[in-house]
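I sat down with this fold today and kept a few notes as I went. Have a look along with me.

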Amino acid sequence: MKNTQLAGRKVPAMGIGTWYLGEGSPAQTEQEIASLRCGLDHGLSVIDTAEMYGDGAAETLVGDAIRGYNRDDLVVVSKFYPWHATAAKMKVALAGSLHRLGLDYLDLYLLHWRGSTPLRETLAGMQALQQAGLIRAFGVSNLDVADLKELAALPGGDQIQANEVLYNLQSRGIEYDLMPYQAKRGIGLIGYSPFGSGAGRSIRLPRQVQEIARAKHLSDHQLVLAWTMRDHVLSIPKAATPAHMTENLAARDVTFTPDELASIDRAFRRPTHKQPLEMI
Ligand SMILES: NC(=O)c1ccc[n+]([C@@H]2O[C@H](COP(=O)([O-])OP(=O)(O)OC[C@H]3O[C@@H](n4cnc5c(N)ncnc54)[C@H](OP(=O)(O)O)[C@@H]3O)[C@@H](O)[C@H]2O)c1
């Protein structure tokens with residue numbers, strides 16, 4: 001299984017996304033819990049959620065799914081709204097997340113995206129939560145290089161453990177500058193929406209990429225996901241059913257030859273200049 005590092009821990013390069021989970025019928029919820037457990041039972045450990053997802057419904061679902069698992073084996077990541085990015089509001093937001101998750105600490109807590117609260121204040125709030133033992137590590141999401149440089153210059157800014165950003169075949173802009181910047185500074189890269197989010201259900205690959213998938217006995221989804229799990233990226237696909245989860249799990253060990261990667265690059269161009277960070 002491909003592994004990477006997150007917040008000082010060795011973790012599988014595939015994590016579990018949870019956006020839109022926990023919002024459906026009881027039967028759907030049951031499927032979703034089964035999907036998460038299928039991932040955990042097959043060695044996944046990182047679960048990505050947020051107070052935003054279903055207004056807490058995804059965190060509640062995660063809490064139900066992880067009950068009975070060994071806490072030390074799990075790496076639970078959640079995110080707070082930018083308007084909860086002051087020390088006082090973050091503390092309340094975290095208490096809500098922990099309650100819904102049924103946990104007494106988070107492994108990683110992220111600012112979901114940048115808002116109007118000064119980063120200095122947000123950093124101080126995250127440090128206080130860490131000192132209180134309520135979070136093991138902290139980081140950010142949807143921040144570009146300039147934001148990360150600004151953070152790095154602040155007290156405690158060098159303690160940022162991760163930046164979670166959009167990364168898939170259609171959205172490769174981060175390869176130009178953000179990825180190398182984070183690699184150099186040891187900031188973990190969590191890549192979200194590997195299938196392009198909701199549109200993931202109907203991925204259509206160009207013929208030359210489909211041929212690579214067929215030659216490697218992969219589905220289009222497996223190829224797309226496997227491609228994101230390169231260069232220490234922790235990819236967090238969301239799968240609402242055990243069938244999707246099982247298909248995705250099989251992508252963990254897929255590697256590509258330089259020729260295959262070059263062919264994929266011809267279909268989905270590498271960035272050759274700075275592109276503004278895309279976000280969903
Ligand atoms: N930090 C941020 O701002 C941010 C933003 C977006 C997402 N995220 C995180 O990243 C996670 C993943 O991104 P995402 O949920 O936007 O999209 P995604 O993982 O790129 O795509 C999810 C879509 O792909 C489908 N899918 C999954 N496996 C499949 C398979 N094997 N075959 C066919 N279809 C498959 C899912 O269908 P089913 O649901 O039916 O399985 C769903 O429609 C989120 O859940 C969230 O945790 C973070």
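Before counting strands, I fixed my terms: two strands pair if DSSP finds at least two bridges between them. Strands (E, at least two residues) and helices (H or I, at least four) are DSSP runs, numbered from the N terminus.

I noted that this is a predicted model, in which local features need pLDDT of at least 70 and side-chain atom pairs count only at pLDDT 80 or more, while totals for chains, interfaces and linings use all residues. Residues are numbered from 1 along each chain as its sequence is written, and side-chain values use heavy atoms, with hydrogens and water left out.

**Entry: the sheet**

I traced an open sheet of eight strands in the order β3-β4-β5-β6-β7-β8-β9-β10, with parallel pairing. Why do β3 and β10 each have one side without a neighbour in the sheet? β3 (16–17) and β10 (233–235) stand at the edges with a single partner strand each, so one side of each stays free.

Next I zoomed in on β6. Strand β5 (residues 75–80) is joined to β6 by four bridges, and the two run parallel. Here I found Val-77 opposite Leu-108 of β6. The chain passes from β5 through helix α3 (residues 87–101) to β6 in a right-handed β-α-β crossover; right-handed means that, with the strands pointing away from the viewer, the path from the first strand over the helix to the second runs clockwise.

On to β7 (residues 138–141): three bridges join this strand to β6, again running parallel. Leu-111 stands opposite Val-140, and Leu-110 has Gly-139 as its bridge partner. I followed β6, helix α4 (residues 119–131) and β7 as a right-handed β-α-β unit.

**Entry: what is buried**

I used relative accessible area here: buried is under 20%, exposed is over 50%, and partly exposed lies in between (1.4 Å probe, protein chains only). Which residues of β6 (residues 108–111) are buried on each side? I found Leu-108 and Leu-110 buried on one side, and Tyr-109 and Leu-111 on the other.

I then looked up the nonpolar cores, meaning sets of buried Ala, Val, Leu, Ile, Met, Phe, Trp, Tyr and Cys residues joined through side-chain atoms within 4.5 Å. The largest has 71 residues, and Tyr-109, Leu-151 and Leu-223 touch the most other members. Another core of 14 residues lies apart from it, including Val-46 and Tyr-192.

Glu-164 caught my eye in strand β8 (residues 162–166). Its relative accessibility is 1%, so I logged Glu-164 as buried. Its contacts (heavy atoms within 4.5 Å), not counting residues up to four places away in sequence, include Asp-48, Lys-79, Leu-110 and Tyr-192.

**Entry: rings**

I counted seven aromatic pairs. Rings of Phe, Tyr and Trp (its six-membered ring) pair if their centres lie within 6.5 Å; planes under 30 degrees apart are stacked, over 60 edge-to-face, and the rest tilted. Tyr-81 and Trp-83 are stacked because their ring centres are 4.4 Å apart and their planes at 15°. Trp-83 also pairs edge-to-face with Trp-113, at 5.8 Å centre to centre and 75° between the planes. I liked that this pair links the β5–α3 loop, home of Trp-83, to the β6–α4 loop, home of Trp-113, 30 residues apart.

Last, I checked charges over rings (NZ of Lys or CZ of Arg within 6 Å of the ring centre and within 35 degrees of the ring normal). Arg-71 lies over the face of Tyr-105, 3.9 Å from the ring centre. The charged end of Arg-136 sits over the ring of Tyr-105 too, 3.9 Å from its centre.
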